[in-house]
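Here are some exercises to work through with the model open beside you. Try each task on your own before you read its solution.

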Amino acid sequence: MPAGDLKLKPLKRAEIPLYLQVRDLVLNKILAQEWLPGRKLAADRVLSRELQVNHITLGKALNMLRSEGYLIRYPGHGTFVADPLPRSQPPAAGGNSRRVVGVLFDSVGEQTFLTDLFISLFTSLDSNELSLQLASARNDPEEQYRQILDFMADEKVAGCMVWSIMSERQVKELMKKRRPDFPVIFLDRYPNGVVADWSGYDDYAAGYYLGEAMRAAGLSRSWLVQADFEAACSTVRRRFAGYKDAFQGELGELTLESLVHSGLPDCGKLRPYLLRLAEKTTAPVALFAASDPVAIGIYAELSADPVLQRHFRLCYVQTQHQLPVSRVQMDLKGMGRSAVDLLIRRLEGSSEAQLIAEAPCRLEVVAAEPAQDSQSSRSISPDDSDIASMSPRRSASSVAAAQH
C-alpha cells in the first residue's frame, strides 16, 4: 500500500520554512518505522493534497530526503523509502555550512514540530547560525545513550541537548565519556548523581504550589489521576511529591488505562467512578491531573455534568493546553531559549563547573467550577522573595536532590 497516511498537515508557522516541516514529517515516518524500507510513497499530487502544500514545496522537501539517502525515485514507478536506509544520523535541515547541534527527545511525533519547546530550540539555534539535528529514542533509554555517543563521535556536531530518559548509571557513564569540548545540556529533568548543565523547571515546586492552592481553597481530600504509562514517570512522581507535601490532606491515586488506538488515557471510565464518589461526599474534592492529556479528559467529563462540577476541582501542571482551571503553567519557550544560551556559552569557552537555568512558572487559580473564568494569577520563579515564606526554598544547586 502506498505510503500516503500523513494524518497531520504541517502548521504554517513563519519560524520554520514550510518545506522543512514537510521534510521533517516524512523523515519522522521513516525513523519511527511507520514507513519501512522499500515502501512506495503516494503520488505527489496525493501528498500535496494531504499536506495542503503546493508541488514546489513538496518537491523541495522530497529532494532533500533523496539527497540525504532516505528516499529513492524510479522514473515511471514512483518514490520509495530507501532500502537500506543510511547508517548515519539524518543530516540537519538547512545546509551543511553551519555547525550542527543534536537535539534528542524521548520520542518524536508529528506534534513534536509544533510544540513551544521545539519551536524555541529551532529558532534560537537558527538565530545563532546553528542547525538543529533531531533524534528520537523511541522511548528506549539505551537507544538514547547510543545516539548521544554517535553525536559525540561526529566531528560535524558541536554539542547536544537532551530530554533525558536515561538511567543514573547511563548518565554517569555518558558524562565520563564526554569530550571536554562537547557540551551536553539536559532539558527538563535534572540528571541525578552528576554535575551537569541543565535548563528546566522544578517539578516538585510546581506540584507544591498547586497543593498549597488547593489547601488554601479549603479542600481536604484529593485524588492524583494519571495514565498507566505515567505511573513510573519521574516528572509525574516529583510533581505528586510536591503536591502531597503541600496539600497535607487525605490523598488517593487513580490510574487510567490508555486507549489502544491513540495511547491517550481513557477518561471515559472515570465518570462512573466520580459519580459514585460524589454520592458519598458533600465537600469538594481536588483532582490533580498528572499531565495535559489527563487534564483535558477530566475537564471534558466535568464540563458535561453539573453534578461533577459541584463536587470536584481540577488542577494540573500545564505544558501545552490551557484550560480554565487551577494550573501551574511552565514556560517551555523560556526553557528552550535558556538551553541554547547555555550551549552558546559552552561553545564560546565557558569553563564554569556547571551552568544552570531554571525557567519560571505561572500559578493561575480558578476559584470555582471549570466553567467559570474568574481567576487570579501571578508569576513564580525560584528567586521571588515572597515564595520563601509559602514553600520550601528551591535553589538551583539543590534541584537534583529534590527531584528524586
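A residue counts as buried when its relative accessible area is under 20%. Keep in mind that this is a predicted model.

**Exercise 1.** Work out why strand β3 can be called largely enclosed by the rest of the structure.

*Solution.* Start with the location: β3 covers residues 99-105. Next, apply the cut-off of under 20% to its residues. Of the 7 residues of β3, 6 are buried, so the strand is largely enclosed by the rest of the structure.

**Exercise 2.** Find the strands that β3 pairs with, and the residues that stand opposite Gly102.

*Solution.* Take one side at a time. Strands β3 and β4 run parallel and are joined by 7 bridges. Here Gly102 has Gln133 of β4 as its bridge partner, while Phe105 stands opposite Ser136. Now turn to β5: this strand is also parallel to β3, with 5 bridges joining them. In β5, the residue opposite Gly102 is Cys160.

**Exercise 3.** Put the strands of the open sheet in order and pick out its edges.

*Solution.* The sheet has 6 strands with parallel pairing, in the order β4-β3-β5-β6-β7-β13. An edge strand pairs on one side only, and this picks out β4 (130-136) and β13 (356-358). On average, neighbouring strands are turned by 20° against each other, direction ignored.

**Exercise 4.** Describe helix α12 and how it sits against the sheet.

*Solution.* First, check its length. Helix α12 spans residues 332-347, which makes 16 residues, and reaches 23 Å from its first C-alpha to its last, close to the expected 22 Å. Second, look at what α12 touches: it packs on the sheet through β3, β4, β5, β6, β7 and β13, and its direction makes about 160° with that of β7. Third, list its buried residues, which include Leu332, Met335, Val340, Leu343 and Arg346. Finally, step past the end of α12, where Gly349 follows with a positive phi, near 105°.

**Exercise 5.** Name the residues with the most contacts inside the largest nonpolar core, then trace the contacts of Leu125.

*Solution.* The largest nonpolar core has 69 residues, and those with the most contacts inside it are Phe105, Leu121, Leu125, Met161 and Tyr243. Leaving aside neighbours within four places in sequence, Leu125 is in contact with Val101, Val103, Leu130, Leu132, Met161, Val340 and Leu343. Another core, of 24 residues, lies apart from the largest one; among its members are Ala295, Leu302, Tyr316 and Leu323. In soluble globular proteins, nonpolar side chains tend to be buried together.

Definitions and conventions:
Residues are numbered from 1 along each chain as its sequence is written. This is a predicted model: local features need pLDDT of at least 70, side-chain atom pairs count only at pLDDT 80 or more; totals for chains, interfaces and linings use all residues. Side-chain values use heavy atoms; hydrogens and water are left out. Helices (H or I, at least four residues) and strands (E, at least two) are DSSP runs, numbered from the N terminus. The expected span of a helix is 1.5 Å times one less than its number of residues. Buried means under 20% relative accessible area, exposed over 50%, partly exposed in between (1.4 Å probe, protein chains only). Two strands pair if DSSP finds at least two bridges between them. Axes are lines fitted to C-alpha atoms, for helices over the stretch in contact, and angles run from 0 to 180 degrees between N-to-C directions. Contact means heavy atoms within 4.5 Å. A nonpolar core is a set of buried Ala, Val, Leu, Ile, Met, Phe, Trp, Tyr and Cys residues joined through side-chain atoms within 4.5 Å.
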